[in-house]
Amino acid sequence: QLQLVESGGGLVQPGGSLRLSCSASGLSSDYYAIGWFRQAPGKEREGVSCISSSGGNTHYADSVKGRFTISRDNAKNTVYLQMTNLKPEDTAVYYCAADRLPPLLKAVCLVRGRDYTYWGQGTQVTVSS
């Protein structure tokens, strides 16, 4: 069983930056594709970014492209989401998710929430002045 724990959320002013972390435990995350999702009050869950198990393939939602960067450190079983130039509309609970893929699919990035098996509890990000 893989456990995911998000951290790094908080309150930040517009234009500010935060780095979210998604730490995996229980199993090696080497063969897990990882995604970040967010959900704002009254809105549906939205895919933000994903990274393949190899780390060589990434994807970003248009709303965050150029502002967010996803990366992973498999030695630390951790995936990061660096968020810059934050906007009030980025306010949401951010979740990381993981799903194990066979080695042949190490370059695959899963963009849909329904493709993921494991989910963290979420971390709140609030962008406000």
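This report describes strand pairing, ring contacts, salt bridges and surface features in a predicted model.

## Strands at the start of the chain

Strand β1, which covers residues 3–7, runs antiparallel to strand β3, residues 18–25, and five bridges join the two. Within this pairing, Ser7 has Ser21 in β3 as its bridge partner.

Strand β3 also pairs with β8, again in the antiparallel sense, and here the pairing extends over six bridges. One of the contacts to look for is that of Ser23, whose bridge partner in β8 is Thr78.

## Two hairpins: β4, β5 and β6

Strand β4 pairs with strand β5, residues 46–51, in the antiparallel sense over five bridges. The two strands form a hairpin with six residues between them, and in the turn Gly42 has a positive phi of about 75°. Across this pairing, Phe37 stands opposite Gly47 in β5.

Strand β5 pairs in turn with strand β6, residues 58–60, in the antiparallel sense over three bridges, and the bridge partner of Ser49 in β6 is Tyr60. The hairpin of β5 and β6 has six residues between the strands, and in this hairpin Gly55 takes a positive phi near 85°.

## Rings around Phe37

The structure holds four aromatic pairs. In one of them, the rings of Phe37 and Tyr116 have centres 5.5 Å apart and planes at 80°, and because planes over 60 degrees apart count as edge-to-face, the pair is described in that way. The two residues come from distant parts of the chain, since Phe37 belongs to strand β4 (residues 32–39) while Tyr116 lies in the loop between β9 (92–100) and β10 (118–119), 79 residues apart. Both Phe37 and Tyr116 are buried, and ring pairs link these two residues with Trp119 into a cluster.

Phe37 has a further contact of another kind, in which the charged end of Arg45 sits over the ring of Phe37, 5.7 Å from its centre. Ala61, which lies in the loop between β6 and β7 (68–73), has its C-alpha atom 10.0 Å from that of Phe37, and the two residues are 24 residues apart along the chain. Ala61 has a relative accessible area of 15%, so this residue counts as buried.

## A network of salt bridges

Side chains of opposite charge can pair when their charged atoms come close. The structure holds five salt bridges, and among them is the one in which the side chains of Glu46 and Arg38 meet, at 2.8 Å from N to O. The partners differ in their exposure: Glu46 is partly exposed, with a relative accessible area of 31%, whereas Arg38 is buried, with a relative accessible area of 5%. Arg38 also forms a salt bridge with Asp90, in which the closest N and O atoms are 2.9 Å apart. Arg38 lies in strand β4 and Asp90 in the loop between β8 (78–83) and β9, so this pair ties together parts that are 52 residues apart in sequence.

Asp90 forms a salt bridge with Arg67 as well, the closest N and O atoms being 2.7 Å apart. This pair, too, links distant parts of the chain, with Arg67 in the loop between β6 and β7 and Asp90 in the loop between β8 and β9, 23 residues apart. Arg67 has a relative accessible area of 8% and is therefore buried, while Asp90 counts as buried at 0% relative accessibility. Salt bridges that share partners join Arg38, Glu46, Arg67 and Asp90 into one network.

## A nonpolar patch on the surface

On the surface, Leu104, Leu105 and Val108 make a nonpolar patch of about 290 Å². Leu104 is found in the loop between β9 and β10, which is also the loop that holds Tyr116. The two residues differ in their surroundings, because Leu104, at 84% relative accessibility, counts as exposed, whereas Tyr116 is buried.

Notes: Residues numbered from 1 in each chain as written. Predicted model: local features only at pLDDT ≥ 70, side-chain atom pairs only at ≥ 80, totals over all residues. Heavy atoms only, no water. Phe/Tyr/Trp six-rings, centres within 6.5 Å; stacked < 30°, edge-to-face > 60°. Helix = DSSP H or I, 4+ residues; strand = E, 2+ residues; numbered from the N terminus. Buried < 20%, exposed > 50% of the residue type's maximum accessible area, 1.4 Å probe, protein only. Lys NZ or Arg CZ within 6 Å of the ring centre and 35° of its normal. Pairing = 2+ DSSP bridges. Patch = residues over 30% accessible without salt bridge, like charges linked within 9 Å, V, L, I, M, F, W, Y side chains within 5 Å. Areas by Shrake-Rupley, 256 points an atom, 1.4 Å probe, with all protein chains shown as cover. Salt bridge = Lys/Arg side-chain N within 4 Å of Asp/Glu carboxyl O.
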